[in-house]
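New to this one? Here's a quick briefing to help you find your way around.

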Amino acid sequence: MEQRTKVGNRLLAALPTADLDLLVRHFRLVELERDAVLVRSGDPIERIYFPLSGLIAFVMDMPSGQTVATAVVGNEGAVGVLTTLGPSLSPMTAVVRVAGAALQISPAQFQTALERSSALKGAVQTHTRALLAQWQHVAACNALHSVEARLASWLLQVHDRIDGKILPVTQETLSELLGVRRPTVTHVVSRLRASGGIRSNRRSLIEIDRPRLEAAACECYQLMRRRIDRIVLTEEMKPPPLQPEAPLFASVNEVRRRTPAHGAAGQRPRGH
């Protein structure tokens, strides 16, 4: 029986073996340290990342200096695939908000593989549709729903992409996700704690009660989750790829163990 494995990134996991092999030889396993900037708004996209763990926020830099998140991505997506449309500058900043690990590849190497793989083109389209779904829902949610309901929804999205009930998110991150100042975040966290959605919150750590948090969240969370899962899971119905060369993925768990909870190095975002 052929030995098979589930690739840690859901988009890559959907690729047939031959198509995945076009990328495997070029991948580099890297740590994603919290608060590291993967690409800054207005800069050329020089690397593409396929997260295996952790959470990355796409943020808009406002003239006031405040940053607002427009979408988040974990192991269901990628960062930097806009280069498939041609050489371009990044329209927004991508910042690691929960530390993890990713497979990194250069745009040139990715483009070469893309030209040879219709399945990879389909994966890029899947990723783009999922991001568009997020952007649409975030825009509607910001206009229609309370800060408390929106915070509950964002916390659920973070929880979907990490293990355990303890979310390693800072007040700065919550402020960025909600587009509000930190005093508002403190007030809303207190309200969710009083209602039981948040069991406790310590510095950079929030423990949640998921059923109660789901009750507090607006309907956008479930709508967004169903839409994104419908897009991604359609791709994942394909047979899983054969196991790639062991050296590529053998050290993933080691990288996860060595990744610090708070991140210590890497390019830091301005104004954070």
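Below is a short tour of the nonpolar cores, one helix, a cluster of aromatic rings and a single serine. Keep in mind that this is a predicted model.

**The nonpolar cores**

- The largest nonpolar core has 33 residues, and Leu151, Leu155, Val169 and Leu174 are the ones that touch the most other members.
- Quite a few elements chip in with two or more residues, including strands S4 (55–61), S5 (67–73) and S6 (93–98) as well as helices H7 (182–195) and H9 (220–236).
- Helix H5 gives this core its largest share, 6 residues.
- There's also a second, separate core of 25 residues, with Leu11, Leu103, Ile105 and Ala113 among them.
- As a bit of background, nonpolar side chains in soluble globular proteins tend to be buried together.
- Back in the largest core, valine 169 touches Val98, Leu155, Val158, Leu174, Ser204, Leu205 and Ile206, leaving out residues up to four places away in sequence.

**Helix H5**

- H5 runs for 14 residues and spans 20 Å from its first C-alpha to its last, close to the 20 Å expected at 1.5 Å a residue.
- Most of H5 is covered, with 12 of its 14 residues buried.
- The buried residues of H5 include Leu151, Trp154 and Leu155, but also Glu148, Arg150 and His159.

**The aromatic cluster**

- Phe27, Phe50 and Phe110 make up one aromatic cluster.
- The count of aromatic pairs comes to 2.
- One of them is edge-to-face: phenylalanine 27 and phenylalanine 50 sit 5.9 Å apart, centre to centre, with 70° between the planes.
- That pair links distant parts of the chain, 23 residues apart: phenylalanine 27 is in the loop between helix H2 (17–24) and strand S1 (28–32), while phenylalanine 50 is in strand S3 (residues 48–51).
- Phenylalanine 27 counts as buried because its relative accessible area is 9%, under the 20% cut-off.
- Phenylalanine 50 is buried too, at 3%.
- Phenylalanine 50 also pairs with phenylalanine 110, and this pair is tilted, at 5.9 Å centre to centre and 40° between the planes.
- Here the partners are 60 residues apart, with phenylalanine 50 in strand S3 and phenylalanine 110 in helix H3 (residues 107–116).

**Serine 175**

- You'll find serine 175 in helix H6 (residues 171–178).
- Serine 175 counts as buried because its relative accessibility is 10%.
- Apart from its neighbours within four places in sequence, serine 175 is in contact with Gln66, Val180, Arg181, Arg182 and Val185.

How values were computed. Residues are numbered from 1 along each chain as its sequence is written. This is a predicted model: local features need pLDDT of at least 70, side-chain atom pairs count only at pLDDT 80 or more; totals for chains, interfaces and linings use all residues. Side-chain values use heavy atoms; hydrogens and water are left out. Helices (H or I, at least four residues) and strands (E, at least two) are DSSP runs, numbered from the N terminus. Buried means under 20% relative accessible area, exposed over 50%, partly exposed in between (1.4 Å probe, protein chains only). Contact means heavy atoms within 4.5 Å. A nonpolar core is a set of buried Ala, Val, Leu, Ile, Met, Phe, Trp, Tyr and Cys residues joined through side-chain atoms within 4.5 Å. The expected span of a helix is 1.5 Å times one less than its number of residues. Rings of Phe, Tyr and Trp (its six-membered ring) pair if their centres lie within 6.5 Å; planes under 30 degrees apart count as stacked, over 60 as edge-to-face and the rest as tilted.
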